[in-house]
Amino acid sequence: MLGVLGDLVEDIVVWADGPLRHGTDSGARVFRRRGGSAANVACFAAGQYPVRFLGCVGADPVGDGVVAELGGHGVDVRVQRHGRTGSIVVLIDPDGERTMLPDRGAAKLLERVPDEWLAGLTHLHVPAYSFDGEPVGRTAVDALARVRQAGGTTSVDASSTGMLEQFGRERFLALLVELAPTFVFANRSESAFLGLLVDGLPGPERARLAAATVVTKSGAEPTAVDVPGDDLFTVPVPPVAEVRDLTGAGDAFAAGFLAGFLRNGDLRLAAGLGHRSAARVLGSPGASLGGGGRGGGGGEGGC
């Protein structure tokens, strides 16, 4: 079973009709969605591989709703209940680019997970957001170590350049060295910021993560897969009919990649499945499936 630890929140997605007009009204469409990077990965993976989500939400109606929504996709949801369920305002410009205003709330309050939550996990994936805040930061490090000690594989997603800047570049690199994950996922700007892949070549910090395969996504450009002790290779991204909202595309990629890797271990095929999964969210609001991408339709709501 694939495990995913991290945020389960409510997304308030705002599609702006045009540039925001300061000090007055700006036209928009507003959508409420179940969100959270880790929850997105779990949701997208659920149709491809057995998956369990580990997290924390508030003891409130919003928490009840997001837990029920995620569980409705076949995810084995394990949550603690503390504080207030988090929410994120996601502003989407007409080109599909995102500006996020996070209030993670209870997602930061996850305490040490019980042994039974980790039982049966062959892989644990953690977005870097979960290292930002306590006690969830300690909890994430502890859970990754326990899965690795039990013989499982692990992965970390760099998540956000803004979050990495706030967390600290050197501090995050040192954490990756300590965690020794099987995979590190990053987009082009995150990978360059960390010094892992710069202008398509291994960066100055790559050698510090000697045990990790670094997977760098570059939007419509080929994804680079840098395997320790082997030549870096790239996997092209198939064209996508419509890009309206990039929210959740990276999470969907990680879900498809990990499901493919856990099924057959072929990294090229895993990257291709990641692209196929990501394409399905690009035409719909938030991290939800719509008709706008190569590989599938579905309704506007949920995964």
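This passage goes through the overall make-up of the chain, then its salt bridges, and then the surroundings of one threonine.

The model is a predicted one. Its protein chain holds nine helices and 15 strands. Of the 303 residues in the chain, 55% come out as buried. The accessible surface adds up to about 12,300 Å², and carbon and sulfur atoms account for 52% of that. As for how the chain meets itself, take the contacts between residues at least 6 apart in sequence: 67% of these join residues at least 24 apart.

On to the charged pairs. Searching the whole structure turns up 16 salt bridges. One of them pairs Arg32 with Glu10, with 3.2 Å between the closest N and O atoms. This pair ties together distant parts of the chain, since Arg32 sits in strand 3 (residues 28–35) and Glu10 in strand 2 (residues 9–16), 22 residues apart. The two ends also fall into separate burial classes: Arg32 has a relative accessible area of 55% and is exposed, because the cut-off for that class is over 50%. Glu10, at 17% relative accessibility, is counted as buried because it falls under 20%.

Another salt bridge runs between Glu134 and Arg138, where the closest N and O atoms are 3.3 Å apart. Here Glu134 is partly exposed at 40% relative accessibility, while Arg138 reaches 54% and counts as exposed.

Arg208 and Glu205 make up a further pair, with their closest N and O atoms 3.2 Å apart. Arg208 is partly exposed, its relative accessible area being 31%, whereas Glu205 is buried at 15%. Salt bridges can also share partners, and in this way Arg112, Asp115, Asp142 and Arg146 are joined into one network.

Finally, there is Thr213, which is found in strand 13, a run covering residues 213–218. With a relative accessible area of just 7%, Thr213 lies under the 20% cut-off and therefore counts as buried. Leaving aside residues up to four places away in sequence, what does Thr213 touch? The neighbours of Thr213 include the stretch Thr182, Phe183 and Val184, along with the run Val225, Asp226, Val227 and Pro228. Arg206 and Leu267 complete the set of residues that Thr213 touches.

Definitions and conventions. Residues numbered from 1 in each chain as written. Predicted model: local features only at pLDDT ≥ 70, side-chain atom pairs only at ≥ 80, totals over all residues. Heavy atoms only, no water. Helix = DSSP H or I, 4+ residues; strand = E, 2+ residues; numbered from the N terminus. Buried < 20%, exposed > 50% of the residue type's maximum accessible area, 1.4 Å probe, protein only. Contact = heavy atoms within 4.5 Å. Areas by Shrake-Rupley, 256 points an atom, 1.4 Å probe, with all protein chains shown as cover. Salt bridge = Lys/Arg side-chain N within 4 Å of Asp/Glu carboxyl O.
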